[in-house]
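The exercises below concern a predicted model of one protein. Each gives a task and then a solution in steps.

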Amino acid sequence: MVVPRAGSQSGRQRGRGWFRLDRPAFVALLLGLAGVGYRLYLVLHTVPVSNSDEATFGLAALHIAEGREHPVFLYGQRYMGMLQSYLAAPLLAVGGPSWPLLRLPVLALYAVFLWLIHRLTRRIGSPWFATLVVGLLALGSERVIRDQVTTVGGRPEVKVAVLAMLLLVAGLAQGTVRHRRLAVGAFGLLAGVAVWSDWLIVPYLAVAGLALVWAVRRELLGGAGLLLLVGFTVGIAPMIRDNLVAPPGQDSLSVLRTISGATGAPPPWPQRLDGGLLEGVSLAGGLCPLAGCARWQEWFALLYPVLLVVGAVLAGLAYRRAAGRADRVGPVLHLALLGGAALTLLAYVRSSLAATDPLGNARYLSVLQLSLPAVLWPLWSTAVAAWRGTVGARGRLAGAFATAVLAALAAASLVVTVLFATAGADPGRREERYARQLAATVQAAGLHEVYGEYWTCNRLIFNTGEQVVCGVLDGDLHPGQNRYPAYWWRLARATRPGYVLATDAPADRRLRELLGDRADGSLLAEIGGFRVYHPPEPLRPWR
């Protein structure tokens with residue numbers, strides 16, 4: 001395992017001028033700019049398509065900008081932090097409700113993620129390997145892009161936090177950090193913010209914490225340990241405060257325990273491995289289109305556990321061979337990244353969601369991007385050894401195989417990216433256009449209070465800038481998941497609310513059944529798969 005020393009030639013070149021880039025860094029910069037530019041184009045065209053979950057973050061950002069609310073967690077739940085809404089609030093305060101403005105802070109987090117993972121990979125790997133990693137991460141299928149540019153909470157910021165924490169560990173172990181206690185305090189602050197933002201990152205925080213203990217275990221017994229605790233407390237303070245005032249059973253742990261609880265008989269392990277490992281890793285890695293994975297597209301997922309084990313073995317051997325602490329930083333961080341991936345994957349595969357709906361839940365594996373450098377390092381190092389001719393016949397054969405795997409991975413990612421960027425984004429563009437036309441139609445009809453389904457309501461509210469509010473109903477026209485109760489209570493006071501329902505959906509059929517002969521007379525418009533009704537008197541079956 002190649003572990004560059006802190007005093008390497010590239011490090012001295014950076015010391016003479018931060019603007020001087022060697023060839024691998026320059027190529028990585030171009031690839032990173034291409035990845036950010038590609039995503040910026042999609043953001044400006046609201047691709048991937050928006051939805052009501054993202055609209056809830058947008059509405060919270062509007063409320064924050066106006067000083068009406070200061071939410072800690074996403075409306076209607078107590079386990080996902082609202083950092084993305086706070087980041088978007090200044091932009092929405094100036095530009096009003098806008099999907100591109102809402103997504104720009106998340107795009108900025110992606111750019112920071114690329115920069116940090118390039119720095120970390122150069123530090124624990126090699127310059128051209130860091131370029132390869134950036135190139136792979138610049139590509140993206142719909143599943144990957146959705147996690148990187150849409151404002152749905154948690155994952156973009158926690159990935160940045162973990163990378164920054166690992167870089168702090170590297171600096172502390174190699175002695176390149178001047179203010180060591182403050183660095184430890186910053187580590188704690190980042191960990192606290194990450195826990196508040198998204199609990200999915202806990203496995204990576206655990207292994208990063210172990211790496212910190214390895215790097216500064218003696219210092220943690222003094223002032224550095226105190227600053228670590230203070231930083232973590234400050235970062236997680238919003239979550240602590242909210243949980244202290246939460247009603248019984250509504251604290252974060254109780255809510256997470258409830259939503260994680262399995263209902264019915266647990267799926268068998270083969271089904272979990274199929275959905276969680278084979279399809280989950282392939283989807284999260286951007287190797288499959290939106291519709292799902294064909295069997296032949298799951299080849300890399302079969303290699304993934306093998307690469308985790310091989311990477312851990314190589315890191316362990318490199319740690320034993322290293323002469324001092326500075327040279328052991330690379331192996332330690334490799335082990336941390338591999339451990340984070342293994343724990344995350346194990347937790348996901350154990351969940352019933354991995355088996356019952358892998359297509360809808362693969363987003364929970366997006367944090368595996370953090371471990372890409374450690375997972376691919378065995379392939380890269382084997383291929384490089386074969387190219388340099390420093391190995392025998394078996395080594396050359398292994399190098400040819402490793403080269404083929406890396407090339408196939410890059411080619412598959414590129415093909416899926418191109419397919420999404422060309423034809424794959426068209427259905428989303430149409431849906432987004434219809435959603436905006438629907439909002440304009442409702443406003444033009446003079447409706448200010450309407451009932452609708454979950455995936456209609458908050459997107460409609462955001463698209464109209466709260467000029468129209470919507471109450472969520474289920475298929476039987478009974479109260480549904482209303483994340484922001486103020487909208488529901490306003491509908492309760494409305495004398496003649498409208499209804500915006502998906503055409504021929506259960507709620508639409510139920511409404512027409514209740515209206516009877518008045519159904520067609522109450523219909524104002526049909527647009528984009530939706531019907532807009534305005535009955536002469538309110539229909540509230542739950543009463």
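**Exercise 1.** Locate Arg 320, state whether it is buried or exposed, and give its separation from Ala 444.

Solution. Step 1: Arg 320 sits in helix H14, residues 299-321; helices (H or I, at least four residues) and strands (E, at least two) are DSSP runs, numbered from the N terminus. Step 2: the relative accessibility of Arg 320 is 70%, so this residue counts as exposed. The classes are buried (under 20% relative accessible area), exposed (over 50%) and partly exposed in between, with a 1.4 Å probe and protein chains only. Step 3: from C-alpha to C-alpha, Arg 320 and Ala 444 are 72 Å apart in space, with their positions 124 residues apart in sequence.

Conventions for this and the later exercises: residues are numbered from 1 along each chain as its sequence is written, and side-chain values use heavy atoms, leaving out hydrogens and water. Because the model is predicted, local features need pLDDT of at least 70 and side-chain atom pairs count only at pLDDT 80 or more, while totals for chains, interfaces and linings use all residues.

**Exercise 2.** Describe the overall dimensions and surface of the protein.

Solution. Step 1: count the elements; the protein has 24 helices and five strands. Step 2: compare the radius of gyration with the globule rule. The radius is 25 Å and the rule gives 24 Å for 543 residues, so the protein is as compact as a globular protein of that length. The radius is taken over C-alpha atoms, and the rule is 2.2 Å times the number of residues to the power 0.38. Step 3: along the principal axes, the C-alpha atoms fill a box of roughly 85 × 50 × 50 Å. Step 4: of the 543 residues, 52% are buried. The exposed area is about 23,900 Å², with 63% of it supplied by carbon and sulfur atoms; the areas come from the Shrake-Rupley method with a 1.4 Å probe, and for residues only the protein chains shown count as cover. Step 5: take the contacts (heavy atoms within 4.5 Å). Among those between residues at least 6 apart in sequence, 74% join residues at least 24 apart.

**Exercise 3.** Work out how strand E5 is paired and covered.

Solution. Step 1: find the partners; two strands pair if DSSP finds at least two bridges between them. E4 (residues 523-527) and E5 (residues 530-533) run antiparallel and are joined by four bridges. Strand E3 (residues 498-502) is also antiparallel to E5, with four bridges. Step 2: list individual partners. Glu 526 has Arg 531 as its bridge partner, Ala 525 stands opposite Val 532, and Val 500 is bridged to Val 532. Step 3: inspect the turn. Two residues separate E4 and E5 in their hairpin, and Gly 528 in the turn has a positive phi of about 55°. Step 4: sort the side chains. In a regular strand they alternate between the two faces of the sheet. In E5, Phe 530 and Val 532 lie on one side and Arg 531 and Tyr 533 on the other, and all are buried.

**Exercise 4.** Which residues of helix H7 are buried, and what does Glu 142 touch?

Solution. Step 1: H7 spans residues 142-149, and eight of its eight residues are buried. Step 2: the buried residues are Glu 142, Arg 143, Val 144, Ile 145, Arg 146, Asp 147, Gln 148 and Val 149. Step 3: Glu 142 has a relative accessible area of 9%. Leaving out residues up to four places away in sequence, Glu 142 touches Pro 48, Leu 290 and Phe 420. Step 4: check Pro 48. This residue lies in the loop between helix H2 (23-44) and helix H3 (52-66), and the peptide bond from Val 47 to Pro 48 is cis, with omega near 0°.

**Exercise 5.** Examine the backbone and burial of Glu 466 and Leu 477.

Solution. Step 1: Glu 466 is not a glycine, yet has a positive phi of about 65°. The loop that holds Glu 466 runs between helix H21 (454-463) and strand E2 (469-472). With a relative accessible area of 13%, Glu 466 is buried. Step 2: Leu 477 has a positive phi near 65° and belongs to the loop between E2 and helix H22 (485-493). Its relative accessibility is 0%, so Leu 477 counts as buried.
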